[in-house]
Each structure stands twice: as structure tokens, then as C-alpha cells.
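Here's a friendly walk through one protein model. Take a look at the sequence and the structure first, and then we'll go through some of the details.

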Amino acid sequence: MTAYQDLERRHARIAAIGDALGILGWDTQTIMPEGANDGRAEQTATLSVIVHELATDPRMADLLAEAEGDGSLDSWQRANLREMRRHHVHATAIPGELVEATSKAVSVCEMTWRAARAEGDFAMLLPSLSEVLARVREGAEAMGAVMGISPYDALLDSHDPGARTERIDALFADLSGFLPDLIGRVLDRQAASPAPLLPDGPFSVEKQRELGVRMMERLGFDFRRGRLDVSLHPFCGGATGDVRITTRYDEANFTDALMGVLHETGHALYEQNRPRAWLSQPVGQSRGMAVHESQSLLMEMQACRSPEFITWLAPAVREVFGGEGPAWEAGNLRRLYSRVERGFIRVNADEVTYPAHIILRYRLEKALIGGDLALADLPGAWNDGMAELVGVVPPNDRLGCLQDIHWPGGGWGYFPSYTLGAMTAAQLFEAARTADPEIVPALSRGEFAPLVAWLRVNVHETGCFHASGDELLTAATGRPLDATVFRRHLEQRYL
């Protein structure tokens, strides 16, 4: 066995344990009884430590050095070796006991967050969230020291290789420069038109699920290798070959759950179409979370909120719910799905105000990791930021700083991926429409095959062959990420 083959074997084992952790994570957030949390915390911590031990085996460094001198490797094997090296650097920077401590702290904090969110009580969450923050900061400092970057940049890099504060600051400054005026102009334009009508409910969960499954099938989701469930916070998870997405339902309003399903299906299509020959290897994984978020937002925002698709969708919705009247017409649904308003909740935000929600979280987590903001002061800082960036102040912490699971779940440094993903989605969708003029007409017939085919070739099946999201985007669209296409999209759709 060559050094490279030995590395492939070792990483296949790591991937298999990662899949097991994925299924345990899905179970925790969907159907696990509350009383099982202590045992689940021990299980996930143990498996996380095993993965860490495999990744930091002293023999790994020697094998990497030997394989890097092997001139017989092809371009995909070279890319895989590059990703193996990156994983090794990240893993060896953090001590095993810290991996275990962080995993246990996250398990406790996630369950506490569920209760605290229901009560709107940040003080209930503060002790366990403080423990998570301390462990995350400790890991970020260790990783940053090895990589020669700041702790927060180390967290960004763990989600998006090569992502740095300097680059995100510039992109977000560009957004902040035009968004306030754009939001105001859009709201003024809306105020001069009749408000959209909300279809009358109730809408049973059974019927909403039926509609969601129909749409997943239209997009190309393979139910032989995945499923749809319910959770408090919608997500896409599971394992290789077993992709599981969730949504949440409101019987008074079907619109949010439907778009939640379409959003998560975008994630799922990426997972189901990763390069088959490399699924157990680092190079076969997705190219960072900004690219992953681009796939969900491309489906939800670019394609499924397009006038062409909603014109097709309207009769399908009427059929499922038995609706009739002006509220069910395509024109009204288009107005509903392009409605802009200053709201409290990120996951329900329209695509014009959504970046403001992300910029707020980006600023706050940078300050929390850097020690410039005390965690106890988060609710006040959150409300001040919402007033400045979105123009509203949450009446309670349930609608404020308790709404997201990311920080209790250890997902620090993840939030920028959402808006970077929205910008990436606009750039990819524009390139796809240019490359294949049949994509938009197909959407008007409820057909996604042309769009998914382009994404499969240019994004899904490339895995981590490209070294960064910008490199992937340049290969697919001819240029790295900028805000120009995203701004043009918002202006064309909303003005």
C-alpha cells in the first residue's frame, strides 16, 4: 500500500464515523426524547474524540509528507491530498480533551437553548452558552496560533477555507453602502401598491407536507437516499447516501414552511450529487459553507421565488389546499413571496433585509470571540444592532438573540456564509441562465432538470477539487465573488 492509499483508507474511516455523528445529530434535533440528552452527549463526545485521534495519529504527518512527493498522483488525488493536509492542520491544532469538552458543552447548551427560547429567557441560557463560548474561543486561539491568523479568522476558515475578516469586511461594507437606501426605496414602492392577500387557513400539516414532498420531487430530490422531517430549526443533515432535511409548520400560514423545504432541498441536492468516486474522501465534500448556502438560496430565492416558477406553482398550491379566489392567484403569490418588511426573525426575512440580519450577527460574534463584548451584554447589543441595521427592536429575547441555534450548537463563524452564499447564488444563477437559455422557460413549467444539470457539472460534482469558493466561482462564472450581480438582482426584482 502506498502512502497515499493508506491516507485514503484512514480518511474513509473518519468519514464513516462522521456519518454516524450526522445521524445522531439529526436524531437529537428531531425525535430524541429529552431525557436521553446526557447519554447522547457522551456518545457524540466519544465519537468526536475517536475522529480526532484518527486525524491526529502521528503517522499521518509522515504519510502526508511521503504522499506529497509521489509524482504518480493525478489532479484529483493531488486535490484530495491538499484537503487532507488542511484537515490535518486543523485537527492537530486542538487538543483531544478540548474536542471532548466542547462536544459535551454543546450538547448541554443545545438542550438548554430549547427551553430558554421557549421562555424567552436569556439568563437561563447564559451559563451553558458561556461554557460553549469559552471552549470555542480556546479552540479558535489554538488553531489561529498554528495557522498564523486571528482566532475569528480560524473559525471562518473552518467553515470556508481561505475566508478572512478583511475580505468579508470589504464585501459587507459594499452591501452596507447600498442596502439602507435600497430597502427604503423598495418599501416606498410597496407602500404605493395594494398589500398582498394572505390565503385563509388553516393549512393542515399533512397537506403542507404533501405539497413539500411534491416540490422536492420536482427539484430532483431522491427519496431513496433521503427524507423530510420536522424540527424546531430547519436544517439539512444526515449522512452520505442518507440526506435528511427538516422544516417547521404553521397551520395558519403555509408559505414559510414551503420555502423552508425548497431551501433545504437546495442543500440536499448538493449532498446527493457530490462526486460519487470521492464520497469518502475530503476532496469529495462540499466546497465550504458559503458555496453550500449558495445552493439552498439559489433554489429558494433565485429560482423558486422567480415570477416564472410562481406562475407554475400557483395552481399546484390551489390543488393541494383547495383554495380559490384572488388570494390564490399567481400575481398575489408573487407579491407575497417578494414582500419586503423589517422583521425580527432571520429565517423569515426577505432577501433584501436578510443581509442586515447577517451583518449584525457577524459583528456580534467577532466582538464576543475577540473579548470586546461580554456575553451577558449580548441582548442589549443585539437590540441596538437591530435598531441600526434592520430598523426594528425585538420586544423580547425569543424574537431577538435566542432565535438561532448556531451559537449554542458551536457554530461560531458560520453566519457570514449565508450572505456570502446569497451573493454567490446570484452570480451562479446569472451564469447558468447565460450558459443555458432554457433554464428560465423550464422553471415556468415546473421543471428543474436544466438548472440542476448545470449546477451538477459546475458545483456539485466538483466537490473540493477547487481550493476555495472563489476559485470554484471563477471557474463557473469567470470571476471571483463581488456584490455587483447580487445588487443587480435585487434592483431588478424589487424595483
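## A proline to start with

Is Pro 326 buried or exposed? Pro 326 has a relative accessible area of 59%, and the cut-off for exposed is over 50%, so Pro 326 counts as exposed. Keep in mind that this is a predicted model, so every value here is computed from predicted atoms.

Where does Pro 326 sit? You'll find Pro 326 in the loop between H12 and H13. If you want to place it against another part of the chain, try Arg 209: the two residues are 117 apart along the chain, and their C-alpha atoms are separated by 24 Å.

## The helices on either side of that loop

Now for the two helices that the Pro 326 loop lies between. H12 covers residues 307-321, and H13 covers 330-337. Their axes are 9 Å apart, and the helices pack at an angle of about 125°. That angle makes H12 oblique to H13, because it falls neither over 145 degrees, where roughly antiparallel begins, nor within the 65 to 115 range for roughly perpendicular. As for handedness, H12 and H13 cross in a right-handed way.

## Another pair of helices

H11 (residues 289-303) and H18 (residues 449-458) also pack against each other, at an angle of about 155° and with 13 Å between their axes. Here the angle is over 145 degrees, so H11 runs roughly antiparallel to H18. The crossing of H11 past H18 is right-handed.

## Two buried residues and a cis bond

Let's go inside. His 263 belongs to helix H10, which spans residues 255-272. With 13% relative accessibility, His 263 is under the 20% cut-off, so it counts as buried. Its C-alpha atom is separated by 8.2 Å from that of Leu 298, although the two residues are 35 apart along the chain.

Gly 212 is part of helix H9 (residues 205-219). Gly 212 counts as buried too, because its relative accessibility is 2%. Between the C-alpha atoms of Gly 212 and Phe 254 there are 9.9 Å, with 42 residues separating the pair along the chain.

There's also a cis peptide bond to look for: the one from Gly 201 to Pro 202, with omega near 5°. Pro 202 lies in the loop between H8 and H9.

## An open space: the second largest pocket

How much space lies in the second largest pocket? About 710 Å³. Its lining is made up of 29 residues, and those nearest the centre are Pro 307, Ser 338, Gln 492, Arg 493 and Tyr 494.

Several helices contribute at least two residues each to this pocket's lining: H8 (165-191), H12, H13, H16 (416-435), H17 (439-443) and H20 (484-494). Which helix gives the largest share? That's H20, with six residues. Sorted by class, the lining of the second largest pocket holds twelve nonpolar, ten charged and seven polar residues.

## Closed spaces: the cavities

Rolling a probe the size of a water molecule over the atoms shows where empty space is left. In this structure there are five cavities of 30 Å³ or more. The largest cavity has a volume of about 60 Å³. Its lining consists of Leu 125, Leu 129, Trp 382, Cys 401, Asp 404, His 406, Trp 407, Pro 408 and Phe 415. By class, that gives seven nonpolar residues, one polar and one charged.

The second largest cavity comes to about 50 Å³. Around the second largest cavity are Leu 7, His 11, Ala 55, Met 60, Leu 64, Met 84, His 87 and His 88. Helix H1 (3-30), helix H3 (58-68) and helix H4 (75-92) each give two or more residues to this lining, and H4 supplies the largest share, with three. The lining of the second largest cavity has five nonpolar and three polar residues, and no charged ones.

Conventions
Residues numbered from 1 in each chain as written. Predicted model: local features only at pLDDT ≥ 70, side-chain atom pairs only at ≥ 80, totals over all residues. Heavy atoms only, no water. Helix = DSSP H or I, 4+ residues; strand = E, 2+ residues; numbered from the N terminus. Buried < 20%, exposed > 50% of the residue type's maximum accessible area, 1.4 Å probe, protein only. 1 Å grid on protein atoms, 1.4 Å probe; cavity = no way out; pocket = protein on both sides within 12 Å on 5 of 7 lines; lining within 4 Å. Points joined across faces, edges and corners; volume = space filled by probe spheres on them. Nonpolar A, V, L, I, M, F, W, Y, C, P; charged D, E, K, R; others polar. Axes fitted to C-alpha atoms, helices over the stretch in contact; angles between N-to-C directions. Parallel < 35°, antiparallel > 145°, perpendicular 65-115°, else oblique. Left-handed = near helix turned anticlockwise from the far one by under 90°.
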